[in-house]
Amino acid sequence: MSEFKSNNAVIKWIEYRMPIFSFLDHAIGRGYPTPRNLNYWWNFGSLAGVALVIMIATGIVLAMQYTAHVDLAFDSVERIMRDVNYGWLLRYIHTNGGSFFFIVVYVHIFRGLYYGSYKEPRELLWILGVAILLLMMATAFMGYVLPWGQMSFWAATVITNLFSAVPVFGNEIVTWLWGGFSVDNPTLNRFFALHYLLPFIIVGVVVLHIWALHRFGSNNPVGIDAKGPQDKIPFHPYYTIKDAFGFGVFFVAFAAVVFYAPNMFGEPDNYIPADRLSTPAHIVPEWYFLPYYAILRAVPDKLLGVIAMFGSVCVLFVLPWIDRSPVRSARFRPIYKQFFWIFLADCIVLGYIGANPPEGMFLIVGRIATAYYFLHFVIMFFLSYVERPRPLPSSISEPVLKGGGATAGAAAKPMEKA
Amino acid sequence: MKRLLTAAVAVLALGSGTAEAAEGAALPDHSWSFEGIFGTFERHEVQRGFQVYREVCSACHGLRLVAFRDLEALGYDEDALKALAAEYTFRDGPDDQGEMYERPGTPADYFPSPFPNAKAAAASNNGAAPPDLSLIAKARKGGPSYVRALLTGYEDPPADVKLPEGASYNRYFPGHQIAMPPPLSADAVDYADGTPATVEQMATDVAAFLMWTAEPNLEERKAMGIKVLIFLLVFTGVLYAAKRKIWADLH
């Protein structure tokens, strides 16, 4: 963890004029001290970065072949699939890349929830992360509209119509969003423009996210601050190689889907060209929006449903102030740990409900799960006062698992090795 | 690590959970040659399927995303494709005099659709326009198995079902009332390779052909996937070994 040094004349020449090498060294090199006990759940941040790069790289090439016009969009995508060299590969990487991006980011978020990574002094880091999630959702939604299949068109219609719930100006807002009186060519054009723009805004917010991260460094599985140099190891080579191994595992899973189940996440209806006269039997969003869709439909009032849907994400912005427990890691919070798993299960139930029509049992379960989603945050608030955390280890490097934390660490213990 | 995998499986399962309850009857199982990691199209099957499309389906259904040249992948040579394309007539132009003219097709042309537009198609077909078949095997739940099941799924309606004029009853069609009359009957085509043209045989063949029209790069994709996965597995193994070695001094 010494200062950056090099004997290479070219590097020294550049470094003197623009200290980019020492900058990188402090960002991802030997000059970035990192807690020594990060487990594999900490891989998902860098994986999200990789997913973003894959999406931008394939997206730019696809944009060279895509035509944003209601009469041509569907066929231009099929032309990419059939006639463009390796177009099928680029497109399947891009469509499935969206799903994998969300898988990775959701794991990343739940890791933050479990280990209390949103707590002081990392509140801003967390808030920037929630902002990235919102930007990703907007980007993914607009990207889904571009192939102009049946689900593209009807998803655009349903989601933009949500804004008509806004009091007084609702219909004017929707007309303004559409650029007309229905989802049509102006809508497709602006969605394409924004779908191209937003990823670069995400890159910008990611830079801020990493900047904020480097102020205090990564949280860690025991959630206590490093007490001295024995608690930290240099990012390079320890975490560069650990992240690289994680990339390998990610790429294996990603390639398996791209090459052997490329339409697994998609809806068959999106291979039917958009037809405004024929509504699909079930309009469903992509899987990563299903929990929000379930929340939207669980609330009988349209406006309140929309507020609940956006609120389900936006509540995360204030999470650092809802959860007032000074202990970060759920390993030392026996009651919170139970509620964490219940909350995760609740989100999965909401996803399942979102995929099914809102009737009968689905509607009842959806309403209970929606209520519980918000109740969880109320519970977290009061839990902060009621719960008696287990004793914290005195330092990261102390072999905590031998002591009082044996039961708490039992689940995560096997992962820490490897 | 185990937990990581469990979580990944759970997330993937969530994705596949989007499938809705089928409204038609459960599809009968059929094992296709193009399934699995090493799947390829069975050339004779797909060629027979093409014959069924041409002689039966094409009367009402288009195949607008497929060009004659694409059929080269099914084992037809260039001369055969030129001859095939030339059987169709295309309106082209304007020529130097500003006149539209008719010309025989070339391999670069796409299969012409049987109706000039959806309205005309609907008007000639009892109000329901026959869908273009280029992507049908990807545009329906169940894919080629659904196409095969649908074509063999015609039966007499149950006593309590009253069908509207011109509709037929199909086990596998969502809602069971289908506007398409039973398209296949035994020996509707005469297979050159002597395969008996039963309804089930023709349905299977044409479903395989339509899988090819929907996913013409399937063979290339699967062949590339093996190489990519083998490389990634070995490379990831190397990375894991490197990780163990680098971390060895910490444990």
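Leaving aside its neighbours within four places in sequence, which residues is Ile353(A) in contact with? In this predicted model, Ile353(A) touches Ala294(A), Phe362(A), Val365(A), Gly366(A) and Ala369(A). Let's start from this one residue and work outwards to the complex.

## One residue and its surroundings

Ile353(A) sits in helix H14 of chain A. Is Ile353(A) buried or exposed? A residue counts as buried if 20 or more other C-beta atoms lie within 10 Å of its own. Ile353(A) has 27 other C-beta atoms within 10 Å, so Ile353(A) is buried. You can also compare position in sequence with position in space: Ile353(A) and Ile364(A) are eleven residues apart along the chain, and their C-alpha atoms are 9.7 Å apart.

One of the contacts of Ile353(A), Ala294(A), leads us to helix H11. Helix H11 of chain A covers residues 290-298, and eight of its nine residues are buried. Among the buried residues of H11(A) are Leu290(A), Tyr293(A), Ala294(A) and Arg297(A). What do the buried residues of H11(A) pack against? Their partners are three helices of chain A: H12 (302-314), H14 (334-354) and H15 (360-386).

## The nonpolar cores

Ala294(A) appears once more in the largest nonpolar core, which has 78 residues. Ala294(A) is among the residues with the most contacts inside this core, together with Ala48(A), Ala51(A), Phe101(A), Val104(A), Val105(A) and Val145(A). Helix H5(A) gives the largest share of the core, with 14 residues. Setting aside neighbours within four places in sequence, Phe101(A) is in contact with Ala48(A), Ala51(A), Leu52(A), Met55(A) and Met136(A). Another core lies apart from the largest one; it has 45 residues, including Tyr53(B), Leu81(B), Ala85(B) and Leu184(B).

## Two helices that cross

Helix H5(A) is worth a second look. Helix H4 (residues 73-82) and helix H5 (residues 87-115) of chain A have axes that come within 5 Å and cross at roughly 115°. Where do they meet? On the H4(A) side are Val77(A), Ile80(A) and Met81(A), and on the H5(A) side are Gly87(A), Trp88(A) and Arg91(A). By class, the residues of this contact are four nonpolar, one polar and one charged.

## The two chains as wholes

Now step back and look at each chain. Chain A has 17 helices and two strands. Its radius of gyration is 23 Å, close to the 22 Å that the globule rule gives for 418 residues, so chain A is as compact as a globular protein of that length. Chain B has eight helices and four strands, and from the N terminus on its elements run α-α-α-β-β-α-α-α-β-β-α-α. The radius of gyration of chain B is 24 Å, whereas a compact globule of 251 residues would have one near 18 Å.

Here are a few values for each chain.

| Chain | Span of the C-alpha trace along the principal axes | Buried residues | Share of contacts (separation of 6 or more) made by residues 24 or more positions apart |
|---|---|---|---|
| Chain A | about 65 × 60 × 40 Å | 41% of 418 residues | 76% |
| Chain B | about 80 × 60 × 40 Å | 31% of 251 residues | 62% |

## Where the chains touch

How many residues does each chain bring to the contact? Chain A brings 42 residues and chain B brings 39 residues. On the side of chain B that touches chain A, helices H1 (2-16), H5 (136-139) and H8 (218-247) of chain B each supply at least two residues. H8(B) gives the most to this side, with 16 residues. By class, this side of chain B has 23 nonpolar, seven polar and nine charged residues.

## How confident is the predictor?

Chain A has a mean pLDDT of 93, and 95% of its residues reach 70 or more. Chain B averages a pLDDT of 90, and 90% of the residues score at least 70. For the complex, the predictor gives an ipTM of 0.90 and a pTM of 0.91.

Both chains also have a stretch to treat with care. Over residues 400-418 of chain A the pLDDT is below 50, and this stretch has 30 contacts beyond near neighbours in sequence. Over residues 1-22 of chain B the pLDDT stays under 50, and the model has 28 contacts for them beyond four places in sequence. Where pLDDT is low, the predicted coordinates should not be read in detail.

How values were computed: Residues are numbered from 1 along each chain as its sequence is written. Chains are lettered from A and ligands numbered from 1 in the order in which they are written. This is a predicted model: local features need pLDDT of at least 70, side-chain atom pairs count only at pLDDT 80 or more; totals for chains, interfaces and linings use all residues. Axes are lines fitted to C-alpha atoms, for helices over the stretch in contact, and angles run from 0 to 180 degrees between N-to-C directions. Two residues are in contact if their C-beta atoms, placed from the backbone, lie within 7 Å. Ala, Val, Leu, Ile, Met, Phe, Trp, Tyr, Cys and Pro count as nonpolar, Asp, Glu, Lys and Arg as charged, and the others, Gly among them, as polar. The radius of gyration is taken over C-alpha atoms; the globule rule is 2.2 Å times the number of residues to the power 0.38. A residue is buried if 20 or more other C-beta atoms lie within 10 Å of its own, exposed if 12 or fewer, and partly exposed in between; C-beta atoms are placed from the backbone. A nonpolar core is a set of buried Ala, Val, Leu, Ile, Met, Phe, Trp, Tyr and Cys residues joined through C-beta atoms within 7 Å. pLDDT is the predictor's confidence in each residue, from 0 to 100.
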